[in-house]
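Me: I am new to this structure and would like to see how each description of it is justified. Could we go through the reasoning step by step?

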Amino acid sequence: MKTQYYTATSLDGYIADADNSLDWLMQFGEPGESYPPFIAEVGAIAMGSTTYEWLLEHEIYKDKENPKPWPYRQPSWVFSSRTLKKVPNADIHFCKGDVVPIYNEMVKAAEGKNIWIVGGGELAGQFYDKGLLDELIITITPVTLGGGAPLLPRKIAAPPLKLVAVQQYGKHYVEVRYEVAKV
Ligand SMILES: NC(=O)c1ccc[n+]([C@@H]2O[C@H](COP(=O)([O-])OP(=O)(O)OC[C@H]3O[C@@H](n4cnc5c(N)ncnc54)[C@H](OP(=O)(O)O)[C@@H]3O)[C@@H](O)[C@H]2O)c1
């Protein structure tokens with residue numbers, strides 16, 4: 001099993017713009033073709049509270065009269081120091097602090113499948129800091145944002161990431177896969 005940070009970024013390295021908006025990404029429609037085979041191999045999910053609250057506002061409760069279900073069947077861990085609104089019938093564990101004990105819980109729950117760090121970049125960085133991040137799967141989009149939520153606010157330079165695959169999807173997306181070197 002691997003711990004994977006799978007996300008989409010602007011060309012200048014932001015996963016949300018300065019207003020926490022993903023409109024720049026949504027203009028391209030559905031997620032890339034690599035998503036269905038990727039999510040099929042995921043057994044547990046982690047995200048920070050900004051990402052969770054974005055999902056609540058823009059997906060689940062976009063139409064308040066007709067809320068949508070939680071989009072993931074995998075158990076999910078949401079990191080926050082606050083008490084967040086819950087989603088009915090969703091397998092969500094709210095957690096905080098050191099990622100190591102949470103990672104251990106996630107590994108058990110994932111039953112041999114991969115762990116997906118949805119974002120943001122700082123949370124992916126916390127897994128990286130503890131030597132727990134194995135792979136980056138990054139869709140580069142043809143936009144620049146000039147600021148916003150950073151893709152991965154860490155210095156990873158020596159050893160560098162190992163490029164393992166590059167794939168173009170349609171007219172807009174380039175997906176790059178990197179392995180994180182273990183030191
Ligand atoms: N482009 C894409 O495909 C993509 C993918 C994912 C997300 N996004 C977007 O990118 C943005 C990411 O936002 P973000 O950079 O703020 O990151 P985030 O990880 O979603 O949220 C950060 C917050 O999570 C909480 N947190 C993180 N680590 C914690 C820990 N160890 N213990 C307790 N709480 C912890 C803290 O908030 P509190 O303690 O105050 O709750 C922190 O401020 C969002 O707008 C999201 O929608 C884009």
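Reply: This is a predicted model, and its chain has 5 helices and 10 strands.

Me: Why is the chain called as compact as a globular protein of its length?

Reply: The radius of gyration of the chain is 16 Å, and the globule rule gives 16 Å for 183 residues, so the chain is as compact as a globular protein of that length. Along its principal axes, the C-alpha trace spans about 45 × 35 × 30 Å.

Me: What makes the approach of Ser80 to the ligand a polar contact?

Reply: A polar contact needs a pair of N or O atoms within 3.5 Å. An N or O atom in the side chain of Ser80 is 2.5 Å from an oxygen atom of the ligand, so the pair meets that cut-off. For Ser81, a side-chain N or O atom likewise lies 2.5 Å from a ligand oxygen atom, while for Gly120 a polar backbone atom is 2.7 Å from an oxygen atom of the ligand.

Me: How much of the ligand does the protein cover?

Reply: On its own the ligand has 920 Å² of accessible area, and the protein covers 79% of this. The ligand sits in the largest pocket.

Me: Which helix gives the most to the shell around the ligand?

Reply: Helix 3 does, with 4 residues, and the elements that each supply at least two residues also include strand 1 (3-9) and helix 5 (121-129).

Me: How do the residues of the shell divide by type?

Reply: They divide into 10 nonpolar, 12 polar and 2 charged residues.

Key. Residues numbered from 1 in each chain as written. Predicted model: local features only at pLDDT ≥ 70, side-chain atom pairs only at ≥ 80, totals over all residues. Heavy atoms only, no water. Polar contact = N/O pair within 3.5 Å; in protein donor to acceptor, adjacent residues only side chain to side chain. Areas by Shrake-Rupley, 256 points an atom, 1.4 Å probe, with all protein chains shown as cover. 1 Å grid on protein atoms, 1.4 Å probe; cavity = no way out; pocket = protein on both sides within 12 Å on 5 of 7 lines; lining within 4 Å. Sits in = over half its atoms within 2 Å of the grid points. Nonpolar A, V, L, I, M, F, W, Y, C, P; charged D, E, K, R; others polar. Rg over C-alpha atoms; globule rule 2.2 N^0.38 Å.
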